[in-house]
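Visitor: I have a structure to get through today. Walk me through it, please.

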Amino acid sequence: DILPGSGAKEFDFENRWVLNFDEKLVAAVEDLNAGTKMNSGIFSNHFSQSLIDTWNKTDNLKSILRSSVNVPIHGTKGNAFKQILRMIKSASERGVNREAFVVDLGGFDAHHSVMWNLDANLPNVNNAVGGFYRGLKDLNMLDSVTTIIISEFGRTISPNTNGGTDHGWGGNYFIFGGEINGKKIFGEYPASFTETDRAMLERGRVLPTTSWDAVWYAVSQWFGVDNEEDMDYVLPNSQNFGCDLIPDSVLYKNGVNEVPGCSGASVDCSVILYTEKARRITGEEQKSTCKMAANKISSDLKSTTRCVILGQEVIIEPSVEEQGRRLSDERVATKFTAAIFTDAAVKSDNTTGENPTDPSLPDFTDITELQQQLVTSTTSSWTEITSDPVNFKNSTGEASVDILVTAAPSSMPSAMPSSMP
């Protein structure tokens, strides 16, 4: 539903001047959406019923939203935040237990005069968010609401010749709420602002170290998304980040969920896939083949498994000649590194035989047994996947798989927060 800051708009035939309807138009609308007639059809009936339902819903919503909100909220978005407070206040009356609201404020694309731009716009943000926070406290709803302040994209740190900033990549964003485990910074702050720093690109563009999927993963769990199938629907790219995700047990004071597949052993492997033409594997190929590998390893280890492609490069093997004879032609391949994460772990108590993470998971008596099983399953799964040319476009079906790291954390960066400096 879309609700303007001024509130619900009535579709009122008694005050036709509001919509500038003339009598003929009103008569036509009433006639078109009257009861079913001999020439009515399923589509016209559905349209008429939808229109009537919308009228009724709007009238009901307008009546409900007449409730007052006593907190003053100033600025260009003050009315919008007041409407949200009214919606939150009336949630029980409207029969809903969870909702998401979006308020946007433009005007920050400052390719010139950035300081003037910020001086003009940031007070509006401050007034709106401050008033909304006070309103939530007055409604005693602060613990039930998470507020996230985001930007479409970051800006360059270095200015342009017009005293402005240009489109960047990474930025810094804020999240607050009564249940938020605050005073934390997620991500990696650049060690310097020169292009030699691994977190910096040209023109002062910051390379993100924490994905939005990582943050929304925790928020989604808190919101009630508590299984991976639903999470893949809500955050279809979250599997691209392996265990570099933030669970609600970290972001929220009373969070209880973790990231499935991230509490046990992990392994990195290098795969060389020969192709007919030099190319990189696509994002869809990464997703589909990683899912195949994770499913097979999960089945072998009876453990939740996650998979992510860490990096890739194109390899060209030159032709080999000896005494004027060509022994082999030039070959091309894509070399990529995949990280496999699992919940598999060595049992913590030889007496009880319980897995330290989940008693229902299989137990391994020692790290060597676990390591060997994980290596075997990972090698087997990727060998099987890469030998089928259907899984990769232009694949020759030739590949090699090498294990890089066994039974140790992969090279994915940690999602755990640092302390507030």
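Guide: We go from the overall make-up to strands, helices and charged side chains.

Guide: This is a predicted model, in which local features need pLDDT of at least 70 and side-chain atom pairs count only at pLDDT 80 or more, while totals for chains, interfaces and linings use all residues. Residues are numbered from 1 along each chain as its sequence is written, and side-chain values use heavy atoms, with hydrogens and water left out.

Visitor: How many helices and strands are there in the protein?

Guide: The protein has 10 helices and 10 strands. Both are DSSP runs numbered from the N terminus: helices are H or I with at least four residues, strands are E with at least two.

Visitor: And what share of the residues count as buried?

Guide: 35% of the 421 residues do. Buried means under 20% relative accessible area, exposed means over 50%, and partly exposed is in between, with a 1.4 Å probe and protein chains only.

Visitor: What about contacts between residues at least 6 apart in sequence?

Guide: Of those, 68% join residues at least 24 apart. A contact means heavy atoms within 4.5 Å.

Visitor: Strands next. Which strands pair with β8?

Guide: β4 (residues 266-275) pairs with β8 in the antiparallel sense over 10 bridges. β5 (residues 305-317) also pairs with β8 in the antiparallel sense, over 12 bridges. Strands pair if DSSP finds at least two bridges between them.

Visitor: Which residues stand opposite each other?

Guide: From β4, T275 has V332 of β8 as its bridge partner, and C269 stands opposite A338 in β8. R306 stands opposite F341 in β8.

Visitor: Is β8 mostly covered or exposed?

Guide: Mostly covered: β8 spans residues 331-342, and nine of its 12 residues are buried.

Visitor: Why is β4 called largely enclosed?

Guide: Because 10 of the 10 residues of β4 are buried, the rest of the structure largely encloses it. In a regular strand the side chains alternate between the two faces of the sheet. In β4, S266, D268, S270, I272 and Y274 point one way, V267, C269, V271, L273 and T275 point the other way, and all are buried.

Visitor: Now a helix. What is the length of α9?

Guide: α9 (residues 283-301) has 19 residues and reaches 27 Å from its first C-alpha to its last, close to the 27 Å expected at 1.5 Å a residue. The expected span is 1.5 Å times one less than the number of residues.

Visitor: Which of its residues are buried, and what covers them?

Guide: In α9 the buried residues include E285, T289, C290, A293, A294, I297, S298 and L301. The cover over the buried residues of α9 includes β5, β8 and α10 (367-386). An α-helix has 3.6 residues a turn, so residues three or four places apart point the same way.

Visitor: What comes right after α9?

Guide: K302 follows α9, with a positive phi near 50 degrees.

Visitor: And what about α10?

Guide: At 1.5 Å a residue, its 20 residues should span 28 Å, and the end C-alpha atoms of α10 are 28 Å apart, which agrees. Among the buried residues of α10 are L370, L374, V375 and W382.

Visitor: Change of topic: how many salt bridges are there?

Guide: The count comes to 10 salt bridges, each being a side-chain nitrogen of Lys or Arg within 4 Å of a carboxyl oxygen of Asp or Glu. One of them joins D166 and R203, at 3.1 Å from N to O. That pair links distant parts of the chain, 37 residues apart: D166 is in the loop between β1 (147-149) and β2 (174-176), and R203 is in the loop between β3 and α6.

Visitor: Are those two buried or exposed?

Guide: D166 counts as buried because its relative accessibility is 16%. R203 is at 29%, so it counts as partly exposed.

Visitor: Which others are there?

Guide: E285 forms a salt bridge with R279, with the closest N and O atoms 2.9 Å apart, and both E285 and R279 are buried. Salt bridges that share partners also join E317, R331 and E398 into one network.

Visitor: Last one: where is D197?

Guide: D197 is in the loop between β3 (184-185) and α6 (212-223). D197 is buried yet has no salt bridge, and the nearest side chain of opposite charge, R198, is 6.2 Å away. For charge, Lys and Arg count as positive and Asp and Glu as negative, with His and the chain ends not counted.

Visitor: What does D197 touch, then?

Guide: Leaving aside neighbours within four places in sequence, D197 is in contact with P190, A191 and S192. A polar atom of the D197 side chain also lies 2.8 Å from the backbone nitrogen of A199.

Methods: A polar contact is a pair of N or O atoms within 3.5 Å; within protein, one must be able to donate a hydrogen and the other to accept it, and residues adjacent in sequence count only if both atoms are side-chain atoms.
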